[in-house]
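Student: I would like to go through this model and ask how the labels are justified.
Tutor: Go ahead, and we will set each value against its cut-off.

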Amino acid sequence: MVTSKIVATGAGIPSQIITNDDLAKIMDTSDEWIRQRTGIGERHISGGEDLSYYTAQAARQIIERAGITPEDVELIIVATVTADYCTPSAACMVQKAVGAVNAVAFDVTAACSGFLYGVSVADKFIRCGVYKNALVIGGEILSKIVDWKDRSTCVLFGDGAAGVLLERSETEEGILIEELGSKGDMYEVLTARKLVPSNAFNQVEAQTECGHVTMDGREVFKFATKKIVSGVNKVLETAGLSAEDITYFVPHQANLRIVEVASRKLKIPMDRFYINIEHYGNTSAASIPIALNEMNEKGLLKKGDKIILCGFGGGLTWGTLLVQW
Ligand code: COA
């Protein structure tokens, strides 16, 4: 039985911290409103560096901790909606930054579910025997696409990058079960960066600035709680496990209240969910790997522990993975 297992984690996080009080100085909001509605206290915001700076930091740390050389890396996948360019991919920029000259590199786009989709794709390449390892990074500079005049969205998001190295394993461990899903008919609920098809031969008004994040917060909230609950139940059922067999549930960190509702519905106590949203806000594709890296650095994950990662986001998309550490 060939599986892929996580052998190292790493992150690249902007050093600039913007608190809720900092936001209240430039817009009509308050620490109290943001904390009560979301659980967010502060977020890391790029000081001007673009995504490639932070994904490179994460990649270097992962490679070093895995004890391999850049030349050993066979596949690089970056999950993002905020790459520096439309092309090249963020993954090709990681390849150049770390000197992973032998790797195949491309991006996946599934918004906040992106890291889980990236891990799923890498897992298939490894299980099929095509590659022996894969660097999978989720990273976002959301601060460049939020509308800083829209207090209902800009206070929610943060910047950062983090990821894992997956390696081929001959034993049953690592990525065990997955449940991914998409609901394109709801795409308008959460969009960003619409590109206008303006050209020299039509009347479409030229785009003056990139389209910002727009969101129907209540619809996303309902969708997110539903998908965490159904995803966790489905994965547990497929694995023949109960919630007690899981050491930690690691949800996408979008809103503390979303996790609280899911926790009540699943009858799984909140202390079994790893939560760090207070310090990062919603970093989209980076949120689950940032949490995983933090847990790893704190020594919370022991060999053999089973954890469930669950994400949801634009698309709409969702994903739940059962992982054995
Ligand atoms: N500070 C102060 N007041 C704010 C505010 C802010 N930052 N943002 C919005 N408000 C105001 C609104 O203008 C509104 O005022 P009104 O009643 O006078 O019109 C009031 O607060 C309530 O706004 P509403 O949008 O109904 O709040 P909510 O309780 O639905 O919470 C979200 C809004 C965005 C926090 C919530 O819907 C949410 O988290 N949804 C999920 C979003 C998400 O996770 N997206 C990413 C998924 S990957």
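Student: Which residue stands opposite Gly163 in β7?
Tutor: Ile137 stands opposite Gly163. Bear in mind that this is a predicted model.

Student: What makes β6 and β7 a pair of strands?
Tutor: Two strands pair if there are at least two bridges between them. Strand β6 (residues 133–141) and β7 are joined by 9 bridges, so they count as paired, and they run antiparallel.

Student: Which residue of β7 stands opposite Ala11?
Tutor: That is Ala162. Strand β1 (residues 3–12) also pairs with β7 in the antiparallel sense, over 9 bridges.

Student: How many residues of β7 are buried?
Tutor: In strand β7 (residues 159–169), 9 of the 11 residues are buried, and the strand is described as mostly covered.

Student: Why is helix α10 called largely enclosed?
Tutor: Helix α10 (residues 287–297) has 9 of its 11 residues buried, so it is largely enclosed by the rest of the structure. Ile288, Leu292 and Met295 are among the buried ones. Just after α10, Gly299 takes a positive phi of about 75 degrees.

Student: Why is the pair of Tyr53 and Tyr54 called edge-to-face?
Tutor: Ring centres must lie within 6.5 Å to pair, and planes over 60 degrees apart count as edge-to-face. For Tyr53 and Tyr54 the centres are 5.0 Å apart and the planes are at 85 degrees, so both conditions are met. A search of the whole structure finds 6 aromatic pairs. Ring pairs also link Phe106, Phe125 and Tyr131 into a cluster.

Student: Are Tyr53 and Tyr54 buried or partly exposed?
Tutor: Tyr54 has a relative accessible area of 3%, which is under 20%, so Tyr54 is buried. Tyr53 has 42%, which falls between 20% and 50%, so Tyr53 is partly exposed.

Student: Where does Lys227 lie with respect to Trp318?
Tutor: Lys227 lies over the face of Trp318, at 3.9 Å from the ring centre. The distance limit is 6 Å, so 3.9 Å satisfies that part of the rule.

Student: What makes the approach of Thr29 to the ligand a polar contact?
Tutor: A polar side-chain atom of Thr29 lies 2.7 Å from a nitrogen atom of the ligand. The cut-off is 3.5 Å, so the pair counts. For Trp33, a polar side-chain atom lies 3.2 Å from an oxygen atom of the ligand, so this pair counts too.

Student: How much of the ligand does the protein bury?
Tutor: Taken alone, the ligand exposes 970 Å², and the protein buries 74% of that.

How values were computed:
Residues numbered from 1 in each chain as written. Predicted model: local features only at pLDDT ≥ 70, side-chain atom pairs only at ≥ 80, totals over all residues. Heavy atoms only, no water. Phe/Tyr/Trp six-rings, centres within 6.5 Å; stacked < 30°, edge-to-face > 60°. Buried < 20%, exposed > 50% of the residue type's maximum accessible area, 1.4 Å probe, protein only. Lys NZ or Arg CZ within 6 Å of the ring centre and 35° of its normal. Helix = DSSP H or I, 4+ residues; strand = E, 2+ residues; numbered from the N terminus. Polar contact = N/O pair within 3.5 Å; in protein donor to acceptor, adjacent residues only side chain to side chain. Areas by Shrake-Rupley, 256 points an atom, 1.4 Å probe, with all protein chains shown as cover.
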